[in-house]
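Subject: Handing over a structure, with notes on what was found

Dear colleague,

I am passing a structure on to you, and the notes below it are meant to be read with the model open beside them. Please look it over first and then follow the text from strand to strand.

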Amino acid sequence: GDTAEFTLIQDGKLIAGSDTAYPPFEFIEDGEVKGFDVDLVAAIAEELGLESEFKSYNFDALIVGLQGGTEFDMIASAMTITEERAQQIDFSDPYIDSNQSLTVRNDSDFTSLAELEGAKIGVQSGTTGEEYTRNNLPEGATVVPFENILQAMQALQAGEVEGVVNDLPISADIVLDETRELKIVEELITNEQYGFAFNKDNPGLRDAVNDALATIKADGRYDDIYRKWFGETP
């Protein structure tokens, strides 16, 4: 409730750790961090009477960074809620749904992950996309992990990999850039949900964020932010 006690690294500021190369959730444009998660955290912080700030990290370093407790108060990085991760960190209520997807080059004949036998498949290191690919690997195929998803997509464009498996909303945003000459050919139904993540030593902050998230969902601010980034209402 409103009496939730929580600690912040810096008084008056909610600092989020994030892999800021993940449009449209978080990305850097003109030196500024923008995106769906960025706007959502700003609205949550405002509801709690706080400022918000995003700090950039590699995705696979976020959980260790959060556990360290000195860099940022929460993870806001399009992170799927999983049992494995929940053993290390606490998640907020889910704030958006997602599936995986397969992206290939426009001139590719591949239409499904199953067809990529013997091929190299790009993923982002430490993601559920990587896990899904390893669990559903076509015969003779190789998983090629990249530090961030934009690097994986560049490798796909350059012909270094034959496909990229990644969260659908992000890939959908990336292929909108026609100069990349990429297309999504398969949606892989994984029924994932993203959550914000918190240090297990700070349950009050998770509770406060959940309360604020519920409030901005109820009063329409969430829908406005969603529409801004996805062009439709959830």
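To begin with one pair of residues, A21 has F27 in β3 as its bridge partner. These two belong to strand β2 (residues 21–22) and strand β3 (residues 26–29), which pair in the antiparallel sense over two bridges, where strands count as paired if DSSP finds at least two bridges between them, and where strands (E, at least two residues) and helices (H or I, at least four) are DSSP runs numbered from the N terminus. A hairpin of three residues connects β2 to β3. From β3 the pairing goes on to strand β4 (residues 32–34), antiparallel again and with three bridges, and I28 stands opposite V33 there. The hairpin of β3 and β4 has two residues between the strands, and in it D30 takes a positive phi near 50 degrees.

Before going further, please note that this is a predicted model, in which local features need pLDDT of at least 70 and side-chain atom pairs count only at pLDDT 80 or more, while totals for chains, interfaces and linings use all residues. Residues are numbered from 1 along each chain as its sequence is written, and side-chain values use heavy atoms, with hydrogens and water left out.

One open sheet has five strands in the order β5-β1-β6-β13-β7, with mixed pairing. Its edges are β5 (51–56) and β7 (90–91), each of which has a single partner strand, so one side of each is left without a neighbour in the sheet. Strand β1 (residues 13–18) runs parallel to β5, with six bridges between them, and I15 is bridged to E53 in β5. Helix α1 (residues 36–47) packs on this sheet, touching β1, β5 and β6 (74–75), and its direction makes about 145 degrees with that of β5; such angles run from 0 to 180 degrees between N-to-C directions, along axes fitted to C-alpha atoms, for helices over the stretch in contact.

A second open sheet of five strands has the order β10-β9-β11-β8-β12, also with mixed pairing. Here β10 and β12 stand at the edges with a single partner strand each, so one side of each is left without a neighbour in the sheet, and the twist averages 25 degrees from one strand to the next. Within it, β9 and β10 run parallel and are joined by five bridges, with I121 opposite V143, whereas β8 and β11 run antiparallel and are joined by four, with L102 bridged to V165. Four of the five residues of β9 are buried, that is, under 20% relative accessible area with a 1.4 Å probe and protein chains only, against over 50% for exposed and in between for partly exposed.

Helix α4 (residues 128–135) has T128, G129, E130 and T133 buried. Among the elements that cover these residues are α3 (83–86), β8 (96–105) and β9 (120–124).

Finally, M79 lies in the loop between β6 and α3 and is buried, with a relative accessible area of 1%. Its contacts (heavy atoms within 4.5 Å) include F59, R85, F91 and Y194, not counting residues up to four places away in sequence. M79 and Y194 are 115 residues apart in sequence, yet 5.1 Å apart in space, C-alpha to C-alpha.

With best regards
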